[in-house]
Amino acid sequence: MGVGKDREEDLLALTHVGDEYDKYLHAVVPPVFLNSLHVYDSVEDYNSVDIFSDDGFIYARDGNPTVRILERKIAALEHGSRAVVFASGMAAFTAAVFATCKAGSHILCMRDVYMPVKRMIDTVFGPRFGMTVTFVSGNDLQEIEDAVQENTDLMILESPATFVFRVVDLKAIAEIAKRRGFKTYIDNSCLTPVFQKPLEMGIDLVMHTMSKFMGGHSDIVGGVLVGKDEELMRRIMSQMRELFGGIMGPMEAWLTIRGLRTLEVRMQRACETGLAVAEYLENHEKVKRVYHTGLSSHPQADIIARQQKGHSSLLSFELDTDSVEDVVCFADRLKLFGKGCSWGGHESLVILPLYKEPEEALELIRADRKLIRIYCGLEGSVNLIADLEQSLKQL
Ligand SMILES: *Cc1c(COP(=O)(O)O)cnc(C)c1O
């Protein structure tokens, strides 16, 4: 998976883009720039700094050399003109909305997007900025066409989406958006640019939480926006980031660069492990249904084959039981899967993402309260399957 020229370019971006040995005393690892400002010899020199260039720095809220190296790597990897790094994925998402919408804007949003995105729309963008939202499945192109309004400015996508790993046809949606005059935004955290490059399919803005696969070691929180439209990206950098003040710190940027160097290797392993575990679960008599983009039973296997070059090790499933207590006990008995949210690090995790959600949320997402989501870390599929097996046996 992920073979060919694209993959070779990805590998070079991850290992070498932005490192510039000559610039940093021939160090193979560029330093952490723990400074808040840069000073110049003359007022003229100071006034002529171009903060959009690779080497133009004034103050660490608008740019930092370590953060810039990270941005250059991600822009190269995602095939964007520029990447803008934030202190969290949610800060990046918020910046994307403020950069593309205004008070009174209408937003189209996929039903099963990341919960805090929905909460942000429902509690902040709606009541405080008078934005309206229409939730759509994302799979029904006619439903999208019908939902577009005169003031529709943005469509929020996530593919595959976190709960039951539904995907949407990115090329088809980007085509509608261009024709009807709104921007498209996708949360690409689950696959990373190694397995999916939405800008290549016409999507305007790609967001990654770097707290997951990109950081990869459960030790940082961060986010990034990537795009091809230089005017939009400069606005995001100089208004949405500099003025809101949500830039990532240099130490976190350095750790993320370190995580990225092994991203391709980790994603290939994640793909392998995720598939092995998904297939094991699908063939188990006590498992009712498995949701994973790598299974041939996925109802949208054709779209997946077209736009994904691999799969993550995040998957969900339902046990063959009507009892929520059984499901909780099953999860509690797992030894290698820590009970916790998040994913993308070295350690495996299990969560019942819908356990405490109100009925309306379940209806909107169209998924079961008893859904179990697991993230397979780097412990290896043999260990993980043995752990799942001992807990399933006791069911
Ligand atoms: C964690 C997560 C986010 C939010 O990222 P933060 O860095 O925690 O703000 C967004 N989208 C998805 C799919 C996530 O899993």
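**Exercise 1.** Classify Tyr 375 as buried or exposed, and describe its ring pairing with Phe 213.

*Solution.* Start with accessibility: Tyr 375 has a relative accessible area of 3%. Buried means under 20%, exposed over 50%, and partly exposed in between (1.4 Å probe, protein chains only). Tyr 375 is therefore buried. Phe 213, also at 3%, is buried.

Next, the geometry. Rings of Phe, Tyr and Trp (its six-membered ring) pair if their centres lie within 6.5 Å; planes under 30 degrees apart are stacked, over 60 edge-to-face, and the rest tilted. With 5.9 Å centre to centre and 65 degrees between the planes, Phe 213 and Tyr 375 pair edge-to-face.

This is a predicted model, in which local features need pLDDT of at least 70 and side-chain atom pairs pLDDT 80 or more, while totals for chains, interfaces and linings use all residues. Residues are numbered from 1 along each chain as its sequence is written, and side-chain values use heavy atoms, without hydrogens and water.

**Exercise 2.** Which side chains make polar contacts with the ligand through its oxygen atoms, and which through a nitrogen atom?

*Solution.* Apply the cut-off: a polar contact is a pair of N or O atoms within 3.5 Å. Take oxygen: a ligand oxygen lies 2.8 Å from a side-chain N or O atom of Thr 209, and a ligand oxygen lies 2.5 Å from one in Lys 212. Then nitrogen: a polar side-chain atom of Asp 187 is 2.5 Å from a ligand nitrogen.

**Exercise 3.** State the class make-up of the shell around the ligand.

*Solution.* Counting by class gives five nonpolar, five polar and three charged residues.

Notes: Polar contact = N/O pair within 3.5 Å; in protein donor to acceptor, adjacent residues only side chain to side chain. Nonpolar A, V, L, I, M, F, W, Y, C, P; charged D, E, K, R; others polar.
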